[in-house]
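Me: I have a structure open here and would like to go through it with you. Could you help me read it step by step?

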Amino acid sequence: MTARLARLVLGLYPLAYRRRYGEEMHALLEDGRPNARTVLDLLRGALLAHLRPQDAPTGAVDAADRVRASAVGVLMCWVLFAAASFAFYKTTEDQPFSAAGHVHPLLGDAHLAVQAVALLASATVMLGALPLIAAALMRARRDPGARSTVILPFVPVIGFAILTAVVVAVAHSAGQHHTSSASSGVAVAWGIAGIGCGVACVLACRAALFATPVAPPRLRAALASGTLVTVAMFVIAAATAIYAVALAIDAGSVAGESNGPFQVLSVTASLIVVTVVMVAAAILAATATRRGWRVRNALAPPAQ
Amino acid sequence: MRYIGERSNDPALLVLTSLADGAKHGYAITTDVEEFAGVRLGPGTLYGVLARLESRGLIEALPAEDRRRPYRLTAEGSAALEHELQTLQSVANRGLDRLRVAEAAR
């Protein structure tokens, strides 16, 4: 179990490390007896490898794969960011929040900004992803062997849609005959399943993208979309932070109410957690984007 | 004994020292380091150090044998190791001399 976990943690290393040292590290894990300390050491190593790009092995990753990795990195961050954004939406959807937004313009404006930029960013994600999806589908059409790789990203999405439909149907049929702790438990489990499906979808997209030849203009477009999405993440995170501060100042009673599935956090504490997750996701996305931009000019020119 | 510093068991220094008598692959480095320094380098630490030393030109990789790639010191790595060890030796000699003088004065 620990050995398997250690091998999984190797997947957290930057692409250049995995390409250059992945086989050796697997061999080293097979030679030794991985334990919990090994797993922690690998986690620390993976984190440091991300934080010290200057030590990354050179030449292990070509420019196209670097941009692929950047695009996937931004997408992964977007999934985490979307989960935090959903928590923001659920926290602030009730009437007292919209009433406070009408009375205090800064609150209303910040809330509107979050929604508008989130909508634009979602559209940008789709715009950047569509050319890559088209390339993958074209490849699947030509090469039947690649079909399972291309279809795989849709599986977690369909699975989560079915799960959501089941949860909604059960909630409706139960009506008022369910306890608040039971519905909180279901909500938490649904949220975790959603994040899990999102991560699984991105990992499957990653496998499909790395198996698909993509023309440099499409990769450049994906990089540009990723950059815009990253900027949007920072804007949304800033708007959320402004909203949290404004709510605490202008509508203290609403800000102090219990919130969340088990009512363990106040609204302000929830918004702080949401903002921290958003900022962390935005910083990681910025790191991934920066790595892509570094090699942008090294992308091979489109075939004549 | 209280632990007062980490220079002598800095992973980079340990890896360079391990490679001083010839090329070794990852597992051989960890067992060698454990033997002469009593420090078990985890795979994350080891490959972080190997990447850093390789990017600075202090070690170089040899062709892989099976899935294991041996590493050896470059000329620059040998010089850097020698310089570092001489500095450590000088510090050690100075410290020991002073302890002896203080002991004699008591």
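Me: What helices and strands are there in chain A, and how many of each?
Reply: Chain A has 12 helices and 2 strands, where helices (H or I, at least four residues) and strands (E, at least two) are DSSP runs numbered from the N terminus. Along the sequence, the pattern of chain A reads α-α-α-α-α-α-α-α-α-α-α-β-β-α.

Me: Before we go on, what kind of model is this, and how are things numbered?
Reply: This is a predicted model, in which local features need pLDDT of at least 70 and side-chain atom pairs count only at pLDDT 80 or more, while totals for chains, interfaces and linings use all residues. Residues are numbered from 1 along each chain as its sequence is written, and chains are lettered from A and ligands numbered from 1 in the order in which they are written.

Me: OK, how is chain A divided into domains?
Reply: Chain A is split into domain 1 (1–52) and domain 2 (63–157 + 194–298), with bounds that come from an automatic or database domain assignment. Taken over C-alpha atoms, the centres of these two domains of chain A are 27 Å apart.

Me: Now the contact of chain A with chain B: how many residues does each chain give?
Reply: The contact takes 23 residues from chain A and 15 residues from chain B, and two residues are in contact if their C-beta atoms, placed from the backbone, lie within 7 Å.

Me: And which helix of chain A gives the largest share?
Reply: That is H2(A), which supplies 10 residues of the side of chain A that touches chain B. Helix H2 (15–31) and helix H3 (36–51) of chain A each supply at least two residues of that side.

Me: Switching to chain B, how do H1(B) and H2(B) pack?
Reply: Helix H1 (residues 11–18) and helix H2 (residues 26–37) of chain B pack at an angle of about 105 degrees, with their axes 9 Å apart; axes are lines fitted to C-alpha atoms, for helices over the stretch in contact, and angles run from 0 to 180 degrees between N-to-C directions. H1(B) and H2(B) are therefore roughly perpendicular to each other, a term that covers angles of 65 to 115 degrees.

Me: Which residues meet there?
Reply: Leu14(B), Val15(B) and Ser18(B) in H1(B) meet Ile29(B), Asp32(B), Val33(B) and Ala37(B) in H2(B).

Me: Last one: what about the phi of Asp66(B)?
Reply: Asp66(B) has a positive phi of about 60 degrees, although it is not a glycine. Asp66(B) sits in the loop between strand E1 (59–61) and strand E2 (71–73) of chain B.

Terms used: Angles under 35 degrees count as roughly parallel, over 145 as roughly antiparallel, 65 to 115 as roughly perpendicular and the rest as oblique.
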